[in-house]
Amino acid sequence: MIEPLPLTSIPPDDEALRAPVRAFLDEKLRGIPLETRARSWMGFDVEFSRALARRGWVGLTLPPEYGGGGRSYFARFVLAEELLANCAPVSAHWIAERQSAPQILRYGTDAQKQFYVPRICRAEVFFCIGMSEPQAGSDLAGVRTRATKATNGWRLNGQKIWTTNAYRANYMIALVRTSGTTEDRHKGLSQFIVDLSLPGVSVRPIEDLTGEKHFCEVFFENVDLSDNALIGAEGAGWEQVTAELAFERSGPERLYSSMVLFDAWLAHVREAELVSDTSRRFAGKIAAHLAVLRAMSISVTAKIVQGQSPVVEAALVKDMGTEIEQLIPAAIADLLGADPDRPASAALLRALSYVTHIAPSFSLRGGTREILRGVIARGMGLR
Ligand SMILES: Cc1cc2nc3c(=O)[nH]c(=O)nc-3n(C[C@H](O)[C@H](O)[C@H](O)COP(=O)(O)OP(=O)(O)OC[C@H]3O[C@@H](n4cnc5c(N)ncnc54)[C@H](O)[C@@H]3O)c2cc1C
């Protein structure tokens, strides 16, 4: 059974981070068109990530001895919330700082920690996640990419798919099979840090519904990896990857993907004097849902601060959060369509078009809705 989530507030010291982050974003995001800002998660802007890093805001929770900020997860909550609610382009450093660095710190050798983590905190190197394969998405234990022991390390062969930013990242943390077969499921899997510039690695971006390229196919053909590329213990890849997914699902990341669109719609309603019972009801519904989800997300953060791993609670917040993220563009399209005499601006319509096309991915990336509901049901003792 899962425990009720206790209502928690963000400590004042961490809340104090909000004002300087807002001031920084006001300056950096001024003049960026709505439709560009709507990309946020997908917005890959190395200069923005480096400017953030210079303020000490990449790797905020990571230990100072590795270049991190040494702050609590509440401070990261405030930072992430401001970045996403204001639709900052976070894609370049996001994966490395949220998942790869904590993973390396938890399972890596001293040499790996010293080599990678300070570079991640300076936004000098970017990572991607090599989990999914053509026959292994939800069924991740079915990965077939294989590393076999060679004289001076490992030889890697296989294919990954849907790898966000692989064509512009420096490294991938890949889940691969090092022994046994797919029938062995969770046994015999390991994680490697793969330098994507190595001979034998080829990357092919995939165009999505919006016409943009962010995720990729990645092929490994006799890629020679040194022994130092293995992260954690050989054969412990499944436990490690499960811990990594908890980092991915636990933040406020799953609430704000449609927020800039919602804000722009509210501004349109006010300017065009379209305030009606219907628009009021919709705005109230979103505000009420967000308030509850935000409180839940802060409670999940409190559990992480206490050293717990709230896998089930994080799955719950992600599932409910993506529902709201997907409801916003659909409802706004209906509301705008119901009032054709007072049309929205081209900028609002372009943002709506982008968010509508990208919205199906909200409940796929980081684990699909059905898989998360399975996790929740198991956590509640229902299966
Ligand atoms: C924008 C985006 C970015 C991504 N980035 C990355 C990345 O960087 N790295 C990476 O490794 N992967 C990434 N992915 C891949 C993502 O993790 C997978 O798409 C996801 O895990 C689902 O796998 P699949 O696409 O193979 O679908 P499938 O697993 O084939 O699922 C198809 C459908 O069947 C349902 N289903 C499957 N199994 C069950 C079950 N047991 N019970 C009930 N329903 C089930 C699923 O919920 C889904 O609706 C990304 C995906 C997206 C959309």
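These legends walk through several views of one predicted model, beginning with the chain and then moving to its ligand and a few residues.

**Figure 1. The chain as a whole contains 13 helices and 8 strands.** Its radius of gyration is 21 Å, close to the 21 Å that the globule rule gives for 383 residues, so the chain is as compact as a globular protein of that length. Along its principal axes, the C-alpha trace spans about 70 × 45 × 40 Å. Of the 383 residues, 54% count as buried. The chain exposes about 16900 Å², and carbon and sulfur atoms supply 53% of that area. If we take the contacts with a separation of 6 or more, 75% of them join residues 24 or more positions apart.

**Figure 2. The ligand sits among 15 residues of the protein.** Ser-132, Ser-138, Trp-162, Thr-368 and Glu-370 come nearest to the ligand. Sorted by class, the shell has 6 nonpolar, 7 polar and 2 charged residues. Two elements are worth finding here: strand β3 (153–164) and helix α13 (369–379) each supply at least two residues of the shell. The largest share, 3 residues, comes from β3.

**Figure 3. Here is a closer look at polar atoms beside the ligand, with Ser-138, Trp-162 and Thr-164 in view.** Start with Ser-138, where a polar side-chain atom lies 2.6 Å from an oxygen atom of the ligand. Trp-162 takes part through its backbone: one of its N or O atoms there lies 2.9 Å from a nitrogen atom of the ligand. At Thr-164, a polar side-chain atom lies 2.7 Å from a nitrogen atom of the ligand. The ligand has 960 Å² of accessible area on its own, and the protein covers 64% of this.

**Figure 4. Lys-160 is a buried lysine in strand β3.** Its relative accessibility is 0%, so Lys-160 counts as buried, a label that applies under 20%. Where does its side chain reach? One place is the backbone oxygen of Met-131, at 3.0 Å. Another is the backbone oxygen of Leu-175, which lies 2.6 Å from a polar atom of the Lys-160 side chain. Leaving aside neighbours within four places in sequence, Lys-160 is in contact with a list of residues including Gly-130, Ser-132, Glu-133, Val-143, Thr-145, Cys-216 and Phe-220. Ser-132 may be familiar from the ligand view, as one of the residues that come nearest to the ligand.

**Figure 5. Met-131 occupies the loop between β1 (127–130) and β2 (146–150).** With 8% relative accessibility, Met-131 counts as buried. Beyond its neighbours within four places in sequence, Met-131 is in contact with Ala-136, Leu-140, Val-143, Lys-160, Val-241, Glu-244 and Leu-245. For a sense of scale, compare its position with that of Asp-277: the two are 146 residues apart in sequence and 46 Å apart in space, C-alpha to C-alpha.

**Figure 6. Ser-299 belongs to helix α10 (residues 277–305).** Is Ser-299 buried or exposed? At 3% relative accessibility, Ser-299 counts as buried. Setting aside its neighbours within four places in sequence, Ser-299 is in contact with Leu-5, Pro-6, Leu-7 and Thr-8.

**Figure 7. Lys-28, in helix α2 (residues 18–29), gives us a partly exposed lysine to look at.** The relative accessible area of Lys-28 is 36%, so this residue falls between the limits of 20% for buried and 50% for exposed. Apart from its neighbours within four places in sequence, Lys-28 is in contact with Phe-48 and Ala-51. Lys-28 and Phe-48 are 20 residues apart along the chain, and their C-alpha atoms are separated by 7.8 Å.

**Figure 8. Ala-123 has a positive phi, and so has Asn-165.** For Ala-123, the angle is about 55°, although the residue is not a glycine. Ala-123 lies in the loop between α7 (110–121) and β1, and is buried with a relative accessible area of 0%. Asn-165, also a residue other than glycine, has a phi near 65°. Its place is the loop between β3 and β4 (171–177). Asn-165 is buried too, with a relative accessible area of 2%.

Conventions. Residues are numbered from 1 along each chain as its sequence is written. This is a predicted model: local features need pLDDT of at least 70, side-chain atom pairs count only at pLDDT 80 or more; totals for chains, interfaces and linings use all residues. Side-chain values use heavy atoms; hydrogens and water are left out. A residue is near a molecule or strand if one of its heavy atoms lies within 4 Å of it. A polar contact is a pair of N or O atoms within 3.5 Å; within protein, one must be able to donate a hydrogen and the other to accept it, and residues adjacent in sequence count only if both atoms are side-chain atoms. Accessible areas come from the Shrake-Rupley method with a 1.4 Å probe; for residues, only the protein chains shown count as cover. Helices (H or I, at least four residues) and strands (E, at least two) are DSSP runs, numbered from the N terminus. Ala, Val, Leu, Ile, Met, Phe, Trp, Tyr, Cys and Pro count as nonpolar, Asp, Glu, Lys and Arg as charged, and the others, Gly among them, as polar. The radius of gyration is taken over C-alpha atoms; the globule rule is 2.2 Å times the number of residues to the power 0.38. Buried means under 20% relative accessible area, exposed over 50%, partly exposed in between (1.4 Å probe, protein chains only). Contact means heavy atoms within 4.5 Å.
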